[in-house]
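Fancy a bit of practice at reading a protein model? Grab a pencil, keep the viewer open and try each task before you look at its solution.

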Amino acid sequence: MLKFCKYQGTGNDFIIVKQSEIDGVTYSSLAKNVCDRRFGIGADGMIVVAPSTVADIRMIFYNADGSIATMCGNGIRCFAKYVYDHGLVGQTSFSVETLAGVLTVELVSMTNEESNVRVNMGCPCYVHPAVPKVTSDGKFINQTIELEGEPYTISSLFIGTIHTVMFVSEIDEKMATHLGELIENHAMYPQKTNVNFCRVIDPHHIEVLTWEKGVGLTLACGTGSAACAVLSKQLYQCDQSITVSIKGGTLLMEQEEDGVYMTGPARLICTGQYVYEESPQGEQDLDSF
């Protein structure tokens, strides 16, 4: 019987487990099982809480399809609330080891059920192995991609994970589903890519819908919202502080010299025990990512 907690951050939901609870289990397989919305618990991703030698605590993140991801913006807020509520850290501000580096989080307001968490997401990276290089400076900004014979303008960067952004005049879920899947699996993205459809409402406010690799359309994406805020400021002269409207609520993005700060909610949904059996195969090799 696997003890778990389920949290959500602006509608992005996660199963959180302690590493000590899943010794001998293949994380990838477990993630696919627990995240299944019909045969499992149901979630967008699975988070494993582990000790760290370089930070106060370590977060390991898996998408619903069993693929490992470097980081998750909504997930790290839920992770922060979980580890604080369970006494795994003793202070409201602490460091978290992720595959995207060591990030700092702060619980700025708390109740038993919900907390607001501020996270330094780090600085955007325009030149990265996961980002296509087609310009002389190595950046991939306002580039044309052809999909089914039609040209589209997109930009890609790395902030926690790979994100591609398309600015649109209106958010259309049918279009986002179709184009999101095509761009995610395009040959120029060997590691695949998350795809964000962004509408600039005014200099202080944008709307975002994200097609997340390994998941599909989601109610929210923290790293995707950060990518959209960065590019909205760069390409559309939006403010340093931007409210991002997503299907699951709103996030505040503040761009400072040392990184993009995201503030948003994390809420406990339920706790329980999950029945899972597997022949011992050991942990997936994280160093191979």
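Below are six exercises on this predicted model, each with a worked solution.

**Exercise 1. Work out how strand E3 sits among its neighbours, and whether its faces are covered or open.**

Solution. Start by finding strand E3, residues 45–50. Six of its six residues are buried.

Next, split the strand into its two sides. In a regular strand the side chains alternate between the two faces of the sheet. Here, one side carries Gly45, Ile47 and Val49, the other carries Met46, Val48 and Ala50, and all of these are buried. Both faces of E3 are covered, then.

Now look for the pairing partners. E2 pairs with E3 in the parallel sense over five bridges, and Val17 has Val48 as its bridge partner. To get from E2 to E3 the chain passes through H1, and this β-α-β crossover is right-handed. E4 joins E3 as well, this time antiparallel and through six bridges. Val48 turns up again here, standing opposite Ile60 in E4. E3 and E4 form a hairpin, with six residues between them.

**Exercise 2. Do the same for strand E11: which strands pair with E11, and in which sense?**

Solution. Check the cover first: six of the six residues of E11 are buried. Ile162, Thr164 and Met166 line up on one side, with His163, Val165 and Phe167 on the other.

Then take the partners in turn. Strand E10 (residues 150–158) pairs with E11 in the antiparallel sense over four bridges, and Ser155 stands opposite Val165. The two strands make a hairpin with three residues between them, and Gly160 in that turn has a positive phi of about 85 degrees.

Strand E12 (residues 194–202) pairs with E11 in the parallel sense over five bridges. There, Met166 stands opposite Phe197. Add helix H3 (residues 173–184) and you have a right-handed β-α-β unit made of E11, H3 and E12.

**Exercise 3. Thr10 and Gln237 each have a positive phi although neither is a glycine. Where do they lie, and is each one buried or exposed?**

Solution. First, a reminder of what you'd expect: most residues other than glycine have a negative phi. Thr10 has a phi of about 50 degrees, and Gln237 one of about 55 degrees.

Second, place them. Thr10 lies in the loop between strand E1 (2–9) and strand E2 (12–18). Gln237 belongs to the loop between helix H4 (222–236) and strand E15 (241–246).

Third, check accessibility. Thr10 counts as buried because its relative accessibility is 4%. Gln237 is at 58%, so it counts as exposed.

**Exercise 4. Classify the ring pairs Tyr27–Tyr62 and Phe167–Tyr236 as stacked, tilted or edge-to-face.**

Solution. There are five aromatic pairs in the count. For Tyr27 and Tyr62, the ring centres are 6.1 Å apart and the planes make 85 degrees, so the pair is edge-to-face. Tyr27 is in helix H1 (residues 27–35) and Tyr62 in strand E4 (residues 57–63), 35 residues apart. Both tyrosines, Tyr27 and Tyr62, are buried.

For Phe167 and Tyr236, the centres are 4.6 Å apart and the planes are at 50 degrees, so this pair is tilted. Phe167 is in strand E11 and Tyr236 in helix H4, 69 residues apart. Phe167 is buried because it has 19% relative accessibility and the cut-off is under 20%. Tyr236, at 43%, counts as partly exposed.

**Exercise 5. Which backbone oxygens do the side chains of Ser28 and Ser225 reach?**

Solution. Ser28 is in helix H1, and at 15% relative accessibility it counts as buried. Its side chain reaches the backbone oxygen of Gly66 at 3.0 Å.

Ser225 is in helix H4 and is buried too, at 0% relative accessibility. A polar atom of its side chain lies 2.8 Å from the backbone oxygen of Cys221. Leaving out residues up to four places away in sequence, Ser225 touches Val244, Ile246, Leu251 and Met253.

**Exercise 6. Which ring does the charged end of Lys139 sit over?**

Solution. Follow the side chain of Lys139 to its charged end, and you'll find the ring of Tyr126. The distance to the ring centre is 4.9 Å.

How values were computed. Residues are numbered from 1 along each chain as its sequence is written. This is a predicted model: local features need pLDDT of at least 70, side-chain atom pairs count only at pLDDT 80 or more; totals for chains, interfaces and linings use all residues. Side-chain values use heavy atoms; hydrogens and water are left out. Buried means under 20% relative accessible area, exposed over 50%, partly exposed in between (1.4 Å probe, protein chains only). Rings of Phe, Tyr and Trp (its six-membered ring) pair if their centres lie within 6.5 Å; planes under 30 degrees apart count as stacked, over 60 as edge-to-face and the rest as tilted. A charge sits over a ring if NZ of Lys or CZ of Arg is within 6 Å of the ring centre and within 35 degrees of the ring normal. Two strands pair if DSSP finds at least two bridges between them. A crossover is right-handed if, with the strands pointing away from the viewer, the path from the first strand over the helix to the second runs clockwise. A polar contact is a pair of N or O atoms within 3.5 Å; within protein, one must be able to donate a hydrogen and the other to accept it, and residues adjacent in sequence count only if both atoms are side-chain atoms. Contact means heavy atoms within 4.5 Å.
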